Every structure is written in structure tokens, then in C-alpha cells.
Amino acid sequence: MLRKRTVVARATSAVGGGIAALSLAAGVLLLAGPIALVIWLSFGGDLFTVVPPESYSLRWYANVFKTQEFVAAFRVSAEIAFITTLVSLTVGTLAAFALDKYALPGRSAFQAAIYSPISIPTVVTGIALLFFFSRIGFHNSFWNIAVGHIIITFPYVVRTVSVALARYDRSLDEAAASLGAHPVQVFWRVTLPVIRPGLFAGALFAFVLSFDDFTVSMFLIGTNTHTLPVAIYQYMEFNVNPTVSAISALLVLMSVVLMLGVERLIGLNRFIGLRG
């Protein structure tokens, strides 16, 4: 009887392991399959996107850099993403620190207000900002987009830094203070270095969300100011060649480089919170 139960347990474990493996493979295929397809199509040499490609070439990668709309849009997106990251990280870190350290009156309401942009559809945010800037007569599309991106990325920075602070050992602050350190020195030289993974996570979230945003940017663009996602959308309206696949492959490469940079600086395990 005991031997029979052991055999049944092993069979059940094997079936469960097989199902888990199949589920994992299906998940990886679902996530990586479309990306792999886009990268594959980016090397097509045909005048139109064909599956599978009838010939192969790097001409569409060259076309990305020859198309001034993409070059200008990339520069605009990078500049806005940098500004957005800098402002969101600075203000978001201070807000998270204040929420964590001080018993502020109306703390719950303040937190709800900070996180509210996450729950509001970005199309609503874009329309609201369009009406607001039109009403006050501010028509600088570059800064309009930057403000919009700060609004939608700021809550993510607050959240990631708050998680890092929740795991922070306050006895380090007390030890530094007992040695004569000023509160500002404690924050700058002790707290910030320890919660660095949370800062990196918040900065990366802010940069990627800003660089990738389409909805808010679509409502706030001007005649001469287009972000890269908007430029890609407008290009696809009149062109069906693999140029968009090529630029998408380059963006995937940029993401890989960012991840490698994170791994080199702080390690992916610390970045995603698996290790303190």
C-alpha cells in the first residue's frame, strides 16, 4: 500500500511539473513571440511587410536614421523623458520620505491624491490637460507634454520609493544622528544610498513610461513637437514597410542595454526586490 501511494505521489508530481513547465513555456511564448516576430520582420528586404520575408536586408535600419521625423522625435522623447525622470524622482522621493517619516494630518487623503493618476485613464488625463493648457493660454507643447508625463509617472516613483523605505532599518538613522549627523546629512549620506534600488526602480519606471507614452502625448503635441510613439503612429498611417519593425527592434535593444546597466550597477535581484 505504501509503495502504491509513493508511485501515485510521484506520478502526480510529474504531471504537476509537466503542467507547470507547459504553462511557463506558453507564458514565455506569449510574451516573447510578438517581440521575436517584430525583430525578424525588421530584417526583411521587401518593400512591404511580408510574413515570412522573401528577402533580407538592413535597409530599413538605415531608413530609420534617414527619416528626420524619427530622429527629431527620438530626441524630443529622450529630452522629455530625462526631465520627467529628474523631476518625478526628486519630488517623488521627498513625498515618499515625508509620508513614511511624519504623521501628516490627512495622510490617507494625501496618499489617495498622489496615487489617483494611476487609476484615471490616460485618455482622460490627456483631454483634461489639453483643456487646462488651452484655458490658461499656455501653448508650449514640449513643456505641456513634460508636465503631463510628470503627472502620470510621479505616483510610480512614490510607490517604489515607499516600498524601499518600508524595508529600511531606521536604526541606521538613529546611529548616524547619535554621532552628530544633521537630519539632512542622515538623509543624503545614509538613507538615500541604502534605498538606492528603489530610486533606480522609480527612475526607470518614470523614464520608460514617459518615453513610451502615446495617449497623453497625442493630445498635447504641437506642429513641430512630436514624441517617438506619435511619430511611429503617424508613419504607419501612410507606410507599411518594415521601418517600424526596425525602430521597434532598436527600442528592444535599448531596453536590453538598460537592463544590463541596472544589473551592473545594483543587480537585478536587488532591483526587483528579491534581495535587500
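**Helix packing and buried positions in an all-helical predicted model**

In helix α2, which spans residues 59-66, the buried residues are Trp60, Tyr61 and Val64. Because these residues cover an arc of only 110° around the axis, they sit on the same side of α2. The face turned away from that buried side carries the exposed residues Phe65 and Lys66. The model described here is a predicted one.

Stepping back to the chain as a whole, the secondary structure of the protein chain comes to 13 helices and 0 strands. Read from the N terminus, the order of elements is accordingly α-α-α-α-α-α-α-α-α-α-α-α-α. The protein chain has 276 residues, of which 34% count as buried. Its accessible surface comes to about 16,700 Å², and 70% of that area belongs to carbon and sulfur atoms. Contacts that span long stretches of sequence are well represented: among contacts between residues at least 6 apart in sequence, 69% join residues at least 24 apart.

Helix α3 offers two helix pairs to look at. Two packed helices are described by the angle between their axes and the distance between the axes. For α3 (residues 68-101) and α6 (residues 141-166), the angle is about 40° and the axes are 6 Å apart. The two helices, α3 and α6, are therefore oblique to each other, and α3 passes α6 in a right-handed crossing. The pairing of α3 with helix α8 (residues 183-194) has an angle of about 90°, with the axes 13 Å apart. That angle makes α3 roughly perpendicular to α8. On the α3 side, the contact is made by Thr93, Leu94 and Phe97, and on the α8 side by Phe187, Thr191 and Leu192.

Thr227 gives a view of a loop position. This residue is found in the loop between α10 (215-220) and α11 (228-238). With a relative accessibility of 1%, where under 20% means buried, Thr227 counts as buried. Residues up to four places away in sequence aside, Thr227 touches Ala73, Val76, Ser77, Ile80, Ile145, Asp213 and Ser217. Among these partners, Ala73, Val76, Ser77 and Ile80 fall within the residue range of α3, while Ile145 falls within that of α6. Thr227 thus touches residues from both members of the oblique α3 and α6 pair.

Further along the chain, Asn239 lies in the loop between α11 and α12 (243-265). At 29% relative accessibility, Asn239 counts as partly exposed. Asn239 and Thr49 are 190 residues apart in sequence, yet their C-alpha atoms are 9.8 Å apart in space.

Ile247 belongs to helix α12 and, at 6% relative accessibility, counts as buried. Leaving aside neighbours within four places in sequence, Ile247 is in contact with Val64, Phe70, Leu228 and Ile232. One of these partners, Val64, is also one of the buried residues of α2, which brings the account back to the helix where it began. Phe70 falls within the residue range of α3, and both Leu228 and Ile232 fall within that of α11. Ile247 also has a distant sequence partner in Ile39: the two are 208 residues apart in sequence and 9.3 Å apart in space, C-alpha to C-alpha.

Key:
Residues are numbered from 1 along each chain as its sequence is written. This is a predicted model: local features need pLDDT of at least 70, side-chain atom pairs count only at pLDDT 80 or more; totals for chains, interfaces and linings use all residues. Side-chain values use heavy atoms; hydrogens and water are left out. Buried means under 20% relative accessible area, exposed over 50%, partly exposed in between (1.4 Å probe, protein chains only). Helices (H or I, at least four residues) and strands (E, at least two) are DSSP runs, numbered from the N terminus. The arc is that of the directions from the helix axis to the C-beta atoms. Contact means heavy atoms within 4.5 Å. Accessible areas come from the Shrake-Rupley method with a 1.4 Å probe; for residues, only the protein chains shown count as cover. Axes are lines fitted to C-alpha atoms, for helices over the stretch in contact, and angles run from 0 to 180 degrees between N-to-C directions. Angles under 35 degrees count as roughly parallel, over 145 as roughly antiparallel, 65 to 115 as roughly perpendicular and the rest as oblique. A crossing is left-handed if the near helix is turned anticlockwise from the far one by less than a right angle, and right-handed if clockwise.
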